[in-house]
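With the structure open in your viewer, please follow the stops below in order, selecting the named residues at each one before reading what is there.

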Amino acid sequence: MADPFSSKRLIYRLVEPEDEDLFMAIQADPIAIRNSNPGLAKPTTRVNALSLMKAVEEALLGVVICLPGPEPSSKPIPIGDIHLSPLGPSLVHHRFTEIGINIINPYQGKGYGTEAINWALDWAFGTANIHRVGIRVFEFNEGARRLYEKIGFKEEGVSRQMFWHAGRWWDDIQFGMLDWEWRELCKIEEGTT
């Protein structure tokens, strides 16, 4: 049986107190944070980083994404986080969640986000018995939009002109994937269709 908290190149572990610097690095990247946070752009503080860290800890699934260390005995190298929003007690019977992901700048563009999202989808549908997983993207974040479509998410809706950024209004685009769609995608990847 494979380790359920690893994928081809990545290791997933719980948030630890020493991850404060990782969450500070996530919050300190003005472009990355602008691509994922609709809040008013301003310099970050350690309080912001601790707030994100706490949200990841309290998620339905909240993990730090790591690369293996250079030596088998080395500690894994944290490169980001991925989390599934918690389900409130009055909503749990609907079996839906939403993904949030952050990868720090030096590790972006290497396929780690794709790998981590696929791992989280597998956990959501195969372990937690979730029926629907959503993910959102701001209209100006073309790279993320292409990635989500490539993974297999379907565009479900648009909240028009929801965010003011760089001197104009931008849409918030919602994507989703259902459990049966994920199973079909997995069959295609395995070549069993």
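Select tyrosine 148 to begin: in this predicted model the residue is buried, with a relative accessible area of 8%, which is below the 20% under which a residue is called buried. Now add phenylalanine 153 to the selection, which is likewise buried, at a relative accessible area of 3%. How are the rings of tyrosine 148 and phenylalanine 153 arranged? Their centres lie 6.2 Å apart and their planes stand at 70 degrees, so the pair is edge-to-face, the term used for planes over 60 degrees apart.

While rings are on display, bring up Phe138, Phe140, Phe163 and Trp170, which ring pairs link into a cluster. Across the model, the count of aromatic pairs comes to nine.

Return now to tyrosine 148 and show the helices around the residue as ribbons. Tyr148 belongs to α5, where Leu147, Tyr148 and Ile151 meet Thr114, Ile117, Asn118 and Leu121 of α4. Sorted by class, this contact of α4 with α5 has five nonpolar and two polar residues, and no charged ones. To see the geometry, select residues 112-126 for α4 and residues 142-151 for α5; the two helices pack at an angle of about 45 degrees, and their axes are 11 Å apart. Because an angle of about 45 degrees lies neither under 35 degrees nor in the range from 65 to 115 degrees, α4 and α5 are oblique to each other. If you turn the view so that one helix lies over the other, the crossing in which α4 passes α5 is a right-handed one.

Next, select glycine 152, in the loop between α5 and β6, the latter spanning 154-165. Is glycine 152 buried or exposed? At 10% relative accessibility, glycine 152 counts as buried. Once neighbours within four places in sequence are left aside, the contacts of glycine 152 are with Met177 and Leu185. A distance monitor drawn from the C-alpha atom of glycine 152 to that of asparagine 118 should read 9.8 Å, for two residues that are 34 residues apart along the chain.

The next stop concerns the backbone. Most residues other than glycine have a negative phi. Against that background, select glutamine 161 in strand β6, whose phi is near 45 degrees and thus positive in a residue other than glycine. Glutamine 161 is exposed, with a relative accessible area of 53%. Then move to alanine 166, which lies in the loop between β6 and β7, the latter covering 168-178. Alanine 166 also has a positive phi, near 55 degrees, and at 66% relative accessibility alanine 166 counts as exposed.

For the following stop, go to alanine 49 in helix α3, which runs over residues 46-57. Alanine 49 is buried, with a relative accessible area of 0%. Which residues does alanine 49 touch, not counting those up to four places away in sequence? The partners to select are Phe23, Met24 and Gln27, and these three are among the residues of α1 that meet α3. A line from the C-alpha atom of alanine 49 to that of glycine 100, which is 51 residues away along the chain, spans 15 Å.

Widen the selection to both helices, taking residues 20-28 for α1: α1 and α3 pack at an angle of about 110 degrees, with 8 Å between their axes. The two helices are therefore roughly perpendicular to each other, and their crossing is right-handed. On the α1 side the contact involves Glu20, Asp21, Phe23, Met24, Ile26 and Gln27, while α3 contributes Arg46, Asn48, Ala49, Leu50, Leu52, Met53 and Val56. By class, the contact of α1 with α3 has eight nonpolar, two polar and three charged residues.

Finish at asparagine 102, in strand β4, which spans residues 96-103. Asparagine 102 is buried, with a relative accessible area of 13%. Beyond its neighbours within four places in sequence, asparagine 102 is in contact with Ile26, Ser36, Leu52, Ile65, Ile79, Gly80, Asp81 and His83; of these, Ile26 and Leu52 also take part in the meeting of α1 with α3. As a last distance, asparagine 102 and serine 90 lie 28 Å apart from C-alpha to C-alpha, with their positions 12 residues apart in sequence.

Terms used:
Residues numbered from 1 in each chain as written. Predicted model: local features only at pLDDT ≥ 70, side-chain atom pairs only at ≥ 80, totals over all residues. Heavy atoms only, no water. Axes fitted to C-alpha atoms, helices over the stretch in contact; angles between N-to-C directions. Helix = DSSP H or I, 4+ residues; strand = E, 2+ residues; numbered from the N terminus. Parallel < 35°, antiparallel > 145°, perpendicular 65-115°, else oblique. Left-handed = near helix turned anticlockwise from the far one by under 90°. Contact = heavy atoms within 4.5 Å. Nonpolar A, V, L, I, M, F, W, Y, C, P; charged D, E, K, R; others polar. Phe/Tyr/Trp six-rings, centres within 6.5 Å; stacked < 30°, edge-to-face > 60°. Buried < 20%, exposed > 50% of the residue type's maximum accessible area, 1.4 Å probe, protein only.
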